[in-house]
Amino acid sequence: MKRTHAQADDEPVEVHDSGFMSPMMMFPPFPHNDTFVESRQFKLVAGPISNPDADEFTFNHAPNDYGVMDLQNARITGTITITGLDNTQLAATQNVAICQSPLRLGWKSREVLVNNQRINSLSSQENEIEFINHLTREIPQAYTPDQEITGCIHNTPGAANCSDSIIEMRDPTDATHVNKGLGQRYLLCKRDVPFKCYDFVNVMGDNKRYVVSSFNMTVRLRRLEKTKTLMGAADHCAAAKIRYSDLEIHVQAFKPKAQLMAAINSAMIQKGEEAKYYIRHHRYVPIPVAIGTRKIVKNDLFTGARPTRMFIYIRTQARYNGAHTSNPNRMIFPDLEFLGVKINEAFVEPTIENSKEAYINLRRVLNRKYDEMPFSYKNYLTDYGLIAIDLSENKDSYNQILPNATSGIVSLEIRLNNGLAAASQLIVVGEFRNQLSCAYQTESRLKFAY
């Protein structure tokens, strides 16, 4: 008998397990006054404490038996100061401004360890991965009201004389000043005005579950190159630097009622059961492309693993290397003739043939059919030219073209109408779903290792 669509809905393609032993399952639906007896805030202070010029900052959470932590809402705070190389105040005539979201996009790498096991895929381009996260998961209506708190102020989109412009950046009233975003960031942190910045920090992914405080946790942040964190006149920026003081990660913690805590301890310690969390991994694949190139074919992008989503964009080599006079996050849409992704030997639909198809597909992948897009089509062409491909399985069980697996050779083919005007980097970022398992004071484990 032919299956109906209603019958298909009763047969989900992917069924996850509960994610923890029974006591943890009780937490999300229960109000705090029924579940917890008190709360407090853990403050993880960055080391080295007395060195605002350090290249790497480390935050440590020592195991304790207090209760559970809310890592989804973990925040990072710090005081940011721009000074000369000799720690003196900059002259009033110097054109130097901080980059967008300095505590989120100002890091070259972010390393997270749980029970001494690294749980995130370490990349030397953490700033780009976080920028893609920002574009694909947030909308201006949500982050713009907090821009004086987080520093999330975009450069003004538009042609090269806007997004990369530093003209009259210190005087927003000047008629030639077009890059309003850069001007606002300059006013946010200048001269003797330190910027007290607050932002979210991604510790264990978008994790809605509580994490027991008996886990050992370490976060290491390595500073991004100065050419990508300071924008303005090249010689002025070269003579300046960013100092990070009082860096802390704040984590809300809750103490459950005694019987619930006893149940958790019994399950984790006596029975040796594990907590399971779903986290997202990203893999960053840069591909050098020579000037004049019109066709790019790259096979086996992720060495046999299949991401759930892919994000593709092209940056000139000069912008990829970083320059004080260019916006490091800018992605100009290429002169595209065709873009297709293959799993094994078959192209996955949809293939992309122009910018309008790419923008409509991005809207579908981000599930923004009835919601605001983070940028307009016009701005997409000049500054946010990100092409997204959804490789997750077809969930209607009716026309299941992709299997529910994480394997398969992923390949990419791109054809351009005209050869590239400059040497560039083709950037491919794969987003992977993974499962993290942690037991009491034992090394954490990932379901898939890439």
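This passage describes the nonpolar cores, one sheet, the salt bridges and one helix of a predicted model.

We can start with the interior. The largest nonpolar core has 56 residues. Within this core, the residues with the most contacts are Phe59, Ile80, Val203, Met204, Phe215 and Leu247. Strand 11, which covers residues 240-256, supplies the largest share of the core, namely eight residues. The core also draws on two domains, taking at least three residues from each of domain 1 (36-272) and domain 2 (275-392 + 405-436). Apart from this core there is a second, separate one of 51 residues, and Phe302, Tyr320, Ile352 and Val410 are among its members. Such clusters are a familiar sight: in soluble globular proteins, nonpolar side chains tend to be buried together.

Leu247 offers a handy view of the packing. When its neighbours within four places in sequence are left aside, Leu247 is in contact with Leu44, Val45 and Ala46, with Phe57 and Phe59, and with Ile76, Thr77 and Gly78. Leu103 and Trp107 complete its list of contacts.

Next comes the sheet. Four strands form an open sheet in the order 2-9-5-6, and their pairing is antiparallel. The edges are held by strand 2 (56-61) and strand 6 (117-118); each has a single partner strand, so one side of each is left without a neighbour in the sheet. Strand 6 runs antiparallel to strand 5 (residues 107-114), and two bridges join them. Here Val114 stands opposite Gln117 of strand 6.

Charged pairs add another layer to the picture, with 20 salt bridges in the structure. One of them joins Glu225 to Lys108, where the closest N and O atoms are 3.9 Å apart. Glu225 sits in the loop between strand 9 (217-223) and strand 10 (230-232), while Lys108 belongs to strand 5, so this pair ties together parts that are 117 residues apart in sequence. Both ends are partly exposed: Glu225 has a relative accessible area of 29%, and Lys108 has 27% relative accessibility.

Another salt bridge is formed by the side chains of Arg220 and Glu111, at 3.3 Å from N to O. Because Arg220 lies in strand 9 and Glu111 in strand 5, the pair ties together parts that are 109 residues apart in sequence. Arg220 is partly exposed at 28% relative accessibility, whereas Glu111 is buried, with a relative accessible area of 17%.

A further pair brings in other parts of the chain. The side chains of Asp164 and Arg330 meet in a salt bridge of 3.2 Å, N to O. Asp164 is found in the loop between helix 8 (160-163) and helix 9 (180-188), and Arg330 in the loop between helix 12 (317-321) and strand 15 (336-343); the two distant residues are 166 residues apart. Both Asp164 and Arg330 are buried. The two residues also belong to a network of salt bridges that links Asp164, Arg319, Arg330 and Asp383.

Finally, helix 9 deserves a look. Its buried residues are Gly181, Leu182, Gly183, Arg185, Tyr186 and Leu188. These buried residues pack against three strands and a helix, namely strand 4 (96-98), strand 7 (195-200), strand 10 and helix 7 (147-150).

Definitions and conventions: Residues numbered from 1 in each chain as written. Predicted model: local features only at pLDDT ≥ 70, side-chain atom pairs only at ≥ 80, totals over all residues. Heavy atoms only, no water. Core = buried A, V, L, I, M, F, W, Y, C linked by side-chain atoms within 4.5 Å. Buried < 20%, exposed > 50% of the residue type's maximum accessible area, 1.4 Å probe, protein only. Domains from an automatic or database assignment. Contact = heavy atoms within 4.5 Å. Pairing = 2+ DSSP bridges. Salt bridge = Lys/Arg side-chain N within 4 Å of Asp/Glu carboxyl O.
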